[in-house]
Amino acid sequence: MAMPIRRTLVALHRATCSSLMNAEASLDLRHPVPLYLPVRTKKRYFIPPAVGLKGKREENTEAKARAAGIVFRQQYFERPINIACTAGIFDPYIPPEGDARLSTLSKEGLKQRTEQIRQSAGSQLAIRKIKEHDSQFTTKGFAERAQDIFIEAHSALTQFNKEKLHSLVTERCYPEMTRGNRYKTIRWRFVESLEPPRVVHARCPDMVTKGNLYGQVTVRMHSKQTLAIYDRFGRLMAGSEEQPKDVLEYLVIERHLVNPYGLWRLHGKIVPSWAPAKDPVIKTVMIPGPELKPGQEFEALHYEVPKPEAVQWNK
């Protein structure tokens with residue numbers, strides 16, 4: 001009698017379990033998270049560094065981190081690329097020798113003028129491309145606008161207004177203007193314009209991809225300015241605040257034409273090879289000279305400092 005009763009109970013239990021499972025499936029019931037955790041097959045212990053190894057160099061830190069179960073993120077060494085401006089001046093303008101000194105009525109001045117007209121074919125093509133992206137561009141109005149950008153940029157430099165200076169000069173020109181001016185005082189003033197500024201050169205290069213156009217316009221500016229630079233002790237290093245000088249400059253203004261919100265900014269300056277040398281900066285440093293023998297004077301050696309050769313360059 002015991003065996004049939006036991007079989008009946010087992011069958012009843014199976015029927016009950018199957019009915020409960022069917023009910024759970026119909027009601028979409030799920031069991032809670034189990035209260036047990038999987039056992040780790042390998043235990044990792046972090047061993048703190050020993051006392052007295054603070055100033056010593058740790059060897060193979062990556063292997064120690066792996067043994068402690070720490071995974072370091074892979075580091076990618078990438079150089080950032082700035083496409084807001086170009087890295088240099090494409091096809092820089094070569095100023096004619098004797099500019100601002102030779103008259104256009106003279107024989108040499110007339111030759112320079114005809115050579116400029118002959119080389120202006122590339123500039124005309126570049127100006128057409130610039131006008132396709134900037135409908136308000138005109139050579140006469142742009143020259144005056146470039147002069148205003150030049151004056152505002154140098155005024156912001158004397159006041160150390162970084163935010164305004166970034167909006168007036170490109171990322172390539174900014175470090176060149178601010179390098180070495182941290183502990184100096186700059187006094188600059190624009191007195192007057194001796195000749196009206198004019199556009200002498202224009203190029204429209206592309207960078208990275210074809211169609212990513214940049215406009216570079218060279219403006220000739222002949223003006224009278226004053227510049228004085230003082231060191232951190234208040235001593236005059238170069239220039240004068242009261243004596244103005246005639247300055248002939250060739251400014252390169254650039255804009256990212258594809259960017260609808262791009263601005264014309266100061267990009268660089270072209271210094272011709274025939275330009276006169278600048279006044280030396282007065283510094284309180286010792287210049288190494290020849291070694292003198294006992295009883296020998298420096299004046300008797302007639303020592304001359306070698307001068308560098310004139311080189312055409314742009315910055």
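Let's start with the largest nonpolar core. In this predicted model, that core has 31 residues. Five residues have the most contacts inside it: Phe142, Leu165, Val169, Val217 and Trp264.

Which elements give two or more residues to this core? On the helical side, they are α4 (121-133), α5 (139-159), α6 (162-168) and α7 (173-178). On the strand side, they are β1 (185-203), β2 (214-230) and β3 (236-256). The largest share comes from α5, with 8 residues.

Apart from that core lies another one, of 6 residues. Among them are Ile89, Tyr93, Val200 and Ile270.

A general point here. Nonpolar side chains tend to be buried together in soluble globular proteins.

Back to Leu165, one of the residues with the most contacts inside the largest core. What does Leu165 touch, leaving aside residues up to four places away in sequence? Ala153, Ala156 and Leu157 are on the list. So are Tyr174, Met177 and Thr178.

Now the cysteines. How many disulfides are there? The count is 0. Take Cys85. Why no bond there? The closest cysteine sulfur is in Cys173, and it sits 9.5 Å away, too far for a bond. A disulfide needs the two sulfur atoms within 2.5 Å. Turn it around and start from Cys173. Its closest cysteine sulfur is the one in Cys85, again at 9.5 Å, so that is too far for a bond.

Are these cysteines buried or exposed? Cys85 is buried, at a relative accessible area of 5%. Cys173 is buried too, with a relative accessible area of 5%.

Conventions. Residues are numbered from 1 along each chain as its sequence is written. This is a predicted model: local features need pLDDT of at least 70, side-chain atom pairs count only at pLDDT 80 or more; totals for chains, interfaces and linings use all residues. Side-chain values use heavy atoms; hydrogens and water are left out. A nonpolar core is a set of buried Ala, Val, Leu, Ile, Met, Phe, Trp, Tyr and Cys residues joined through side-chain atoms within 4.5 Å. Buried means under 20% relative accessible area, exposed over 50%, partly exposed in between (1.4 Å probe, protein chains only). Helices (H or I, at least four residues) and strands (E, at least two) are DSSP runs, numbered from the N terminus. Contact means heavy atoms within 4.5 Å.
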